[in-house]
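Please look through the sequence and the model below before reading on. The paragraphs that follow lead from helix packing to the core and then to single residues.

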Amino acid sequence: LALKVGLVKKPVFINEHKENGNGHSKKLKCIDLDYLIQRTKSNRALMMEMISLYLEQTPPLINAMKQSLQDKDWPSLHAAVHKMIPSFSIMGMSIDYENMAKKVQDYASTQEQTDGIPDLVLQLENVCAQACKELEEELNTIKNTKTLAYELARLGWRIVSGGTDSHLILVDTWMNGKGIPGKEAEAKLEK
């Protein structure tokens, strides 16, 4: 018998508030790593590198975008936003944010409708900040799953899946006729 240990991916929604049935609302996710998983062929190390690059590069780009807006430096604003656009699709953010960034680019390059830019910049800043928080959590999940697989293997468990490509670990709980049934292992892990 084998036991699957890992994290189940929650549904991903655009950055909105949604009522959860008991009168309270909760913030929903703005990222979806399906595209990144597909492009990296589930390569955990490459995914971690791509997420780390986003986390490293995005805050300075947000600051440059805000400073350029404040200084009314339209070419610099255009350049900062231009650098951000590819990361929206890579990190699975809604096309709406990419389109919003393209509007900022257009308004900055034509210097028309500049009164609408501050609101767009604020929305981009907010969604990128939320994406950074969510990506930090994903990065920690990937690292923790890798650590769990390593520790289980070190303790003598056979990792059937061979790794953590999908943040899931498949563990053989019945090795060579010894061990415990999968349901029993599951119950113990739930405690």
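**Helix packing and the nonpolar core**

Helix 4 and helix 5 pack with their axes 10 Å apart and at an angle of about 145°, and the crossing in which helix 4 passes helix 5 is left-handed. The structure shown is a predicted model, and the description here should be read with that in mind. On the side of helix 4, the residues that meet helix 5 are Tyr97, Met100, Ala101, Lys103, Val104, Tyr107 and Ala108, while helix 5 brings Ile117, Leu120, Val121, Gln123, Leu124 and Val127 to the contact. Sorted by class, the contact of helix 4 with helix 5 has eleven nonpolar residues, one polar residue and one charged residue.

Lys103, one of the helix 4 residues in that contact, is partly exposed because its relative accessible area is 44%, which lies between the limits of 20% and 50%. Across the sequence, Lys103 and His78 are 25 residues apart, and in space their C-alpha atoms are 9.9 Å apart.

A second helix pair can be described in the same terms, since two packed helices are described by the angle between their axes and the distance between the axes. For helix 2 and helix 3 the angle is about 150° and the axes are 9 Å apart. Helix 2 and helix 3 are therefore roughly antiparallel to each other, an angle over 145 degrees being what this description requires. Helix 2 passes helix 3 in a left-handed crossing. The residues that meet are Met50, Tyr54, Leu61, Ile62, Ala64, Met65, Ser68 and Leu69 from helix 2, and Trp74, Ser76, Leu77, Ala80, Val81, Lys83, Met84, Ser87 and Ile90 from helix 3. The contact of helix 2 with helix 3 is made up of 13 nonpolar residues, three polar ones and one charged one.

In soluble globular proteins, nonpolar side chains tend to be buried together. Which residues touch the most other members of the largest nonpolar core? They are Ile51, Met65, Leu77 and Met93, within a core of 39 residues. Helix 2 (44-71), helix 3 (74-90), helix 4 (95-110) and helix 5 (117-154) are the elements that give two or more residues to this core, and helix 5 gives the most, with eleven residues. Taking Ile51 as a point of reference, and leaving aside residues up to four places away in sequence, one finds that Ile51 touches Leu33, Leu36, Met91, Leu135, Glu138, Leu139 and Ile142. Separate from the largest core is a second one of five residues, which includes Ala149, Ile159, Ile169 and Val171.

Thr58 offers another view of helix 2, the element in which it is placed. Thr58 counts as buried because its relative accessibility is 5%, against a limit of under 20%. When residues up to four places away in sequence are not counted, Thr58 touches Cys128 and Cys132.

Turning to the protein as a whole, its secondary structure comes to six helices and seven strands, and from the N terminus on the elements run β-β-β-α-α-α-α-α-β-β-β-β-α. Of the 191 residues in the protein, 35% are buried. Among contacts with a separation of 6 or more, 56% are accounted for by residues 24 or more positions apart.

Key
Residues are numbered from 1 along each chain as its sequence is written. This is a predicted model: local features need pLDDT of at least 70, side-chain atom pairs count only at pLDDT 80 or more; totals for chains, interfaces and linings use all residues. Side-chain values use heavy atoms; hydrogens and water are left out. A nonpolar core is a set of buried Ala, Val, Leu, Ile, Met, Phe, Trp, Tyr and Cys residues joined through side-chain atoms within 4.5 Å. Buried means under 20% relative accessible area, exposed over 50%, partly exposed in between (1.4 Å probe, protein chains only). Contact means heavy atoms within 4.5 Å. Axes are lines fitted to C-alpha atoms, for helices over the stretch in contact, and angles run from 0 to 180 degrees between N-to-C directions. Angles under 35 degrees count as roughly parallel, over 145 as roughly antiparallel, 65 to 115 as roughly perpendicular and the rest as oblique. A crossing is left-handed if the near helix is turned anticlockwise from the far one by less than a right angle, and right-handed if clockwise. Ala, Val, Leu, Ile, Met, Phe, Trp, Tyr, Cys and Pro count as nonpolar, Asp, Glu, Lys and Arg as charged, and the others, Gly among them, as polar.
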